[in-house]
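Reader: I would like a close look at a single part of this protein. Please take one stretch, go through its contacts, and then place it in the whole.

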Amino acid sequence: MEQPLYTLTSSVNRHNHARCEVYADRVVLSTACDGGLFPVYENAERVIPIADLEKVVVSRGGVRLFAHHPNCIHFVVRGARRTVDQMYRDRAFHASDYLGEGVFQLAPKSEAELEEKLGVARDIRRYIESVLGDDSVKD
């Protein structure tokens, strides 16, 4: 069985979890909800071939309650028109919609966990930049 090169996991709460796995040729994003009164995620998976990516954006908003930016990685596929900030500011945009837009929420519980996850996110971005062979992948 093929092992991922990079893996990130997050939990929005005890019932809603997300996973980002980066393989040599693709990114696999998945979300799961195992109960609770107010589901955040749907049980879903999205596979994004690295060749389809236009860029990768790593966003850092901190662990404040009212952050101006989300803590996430946005795998931007060719033809995507919305930035992560536009999605974040759109009150009608639900967290379960992030998967369809190629966004993985880091959901850190502390500043130390945020820094650790951002380090892995930057490694992912550098890896994808090396596969694409250009400097189109930016923070």
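Author: What follows starts with two neighbouring residues and works outward to the full chain.

The model is predicted. Begin with asparagine 16. This residue sits in strand 2, which spans residues 16-22. Is asparagine 16 buried or exposed? Its relative accessibility is 1%. The cut-off for buried is under 20%, so asparagine 16 counts as buried.

Its side chain has two polar partners to note. One is the side chain of asparagine 13, at 2.8 Å. The other is a backbone atom: the nitrogen of valine 40, reached at 3.0 Å. Valine 40 also appears in the wider contact list of asparagine 16, which leaves aside neighbours within four places in sequence. That list includes Ser10 and Ser11 on one stretch of the chain, Ala32 and Cys33 on another, and the run Phe38, Pro39, Val40 and Tyr41.

Now move to histidine 17. Histidine 17 is in strand 2 as well. Its relative accessibility is 28%, so histidine 17 counts as partly exposed. As a general point, side chains in a regular strand alternate between the two faces of the sheet.

Histidine 17 has a polar contact of its own. Its side chain meets the side chain of serine 11 at 2.9 Å. Not counting residues up to four places away in sequence, histidine 17 touches Ser10, Ser11, Ser30, Thr31, Ala32, Asp34 and Tyr41. Threonine 7 gives a sense of scale. Threonine 7 and histidine 17 are 10 residues apart in sequence, and their C-alpha atoms are 13 Å apart in space.

Next, the strands around this pair. Strand 2 and strand 3 run antiparallel, joined by 7 bridges. The link between them is a hairpin of 3 residues. Across this pairing, alanine 18 stands opposite threonine 31 of strand 3. Strand 3 covers residues 26-33, and 6 of its 8 residues are buried. Strand 3 also pairs with strand 4, residues 44-49, again antiparallel, through 6 bridges. There, valine 28 has valine 47 of strand 4 as its bridge partner.

A further sheet lies later in the chain. Its 3 strands form an open sheet in the order 5-6-7, with antiparallel pairing. Strand 5 (53-59) and strand 7 (103-105) are the edges; each has a single partner strand, so one side of each lacks a neighbour in the sheet. Neighbouring strands here are turned by 10° against each other on average, direction ignored. Strand 6, residues 72-77, pairs with strand 7 over 3 bridges. In that pairing, isoleucine 73 stands opposite phenylalanine 104 of strand 7. Helix 3, residues 111-132, lies across strand 5 and strand 6, at about 165° to strand 5.

Finally, the whole. The protein has 3 helices and 7 strands. From the N terminus on, the order is β-β-β-β-β-β-α-α-β-α. The C-alpha atoms fill a box of roughly 45 × 35 × 30 Å along the principal axes. What does the radius of gyration say? The protein has 14 Å, and a compact globule with 139 residues would be near 14 Å, so the two agree. Buried residues make up 40% of the 139; asparagine 16 is one of the buried residues. Among contacts with a separation of 6 or more, 49% join residues 24 or more positions apart. The protein exposes about 7800 Å², and carbon and sulfur atoms supply 51% of this area.

Note on methods: Residues are numbered from 1 along each chain as its sequence is written. This is a predicted model: local features need pLDDT of at least 70, side-chain atom pairs count only at pLDDT 80 or more; totals for chains, interfaces and linings use all residues. Side-chain values use heavy atoms; hydrogens and water are left out. Helices (H or I, at least four residues) and strands (E, at least two) are DSSP runs, numbered from the N terminus. Buried means under 20% relative accessible area, exposed over 50%, partly exposed in between (1.4 Å probe, protein chains only). A polar contact is a pair of N or O atoms within 3.5 Å; within protein, one must be able to donate a hydrogen and the other to accept it, and residues adjacent in sequence count only if both atoms are side-chain atoms. Contact means heavy atoms within 4.5 Å. Two strands pair if DSSP finds at least two bridges between them. The radius of gyration is taken over C-alpha atoms; the globule rule is 2.2 Å times the number of residues to the power 0.38. Accessible areas come from the Shrake-Rupley method with a 1.4 Å probe; for residues, only the protein chains shown count as cover. Axes are lines fitted to C-alpha atoms, for helices over the stretch in contact, and angles run from 0 to 180 degrees between N-to-C directions.
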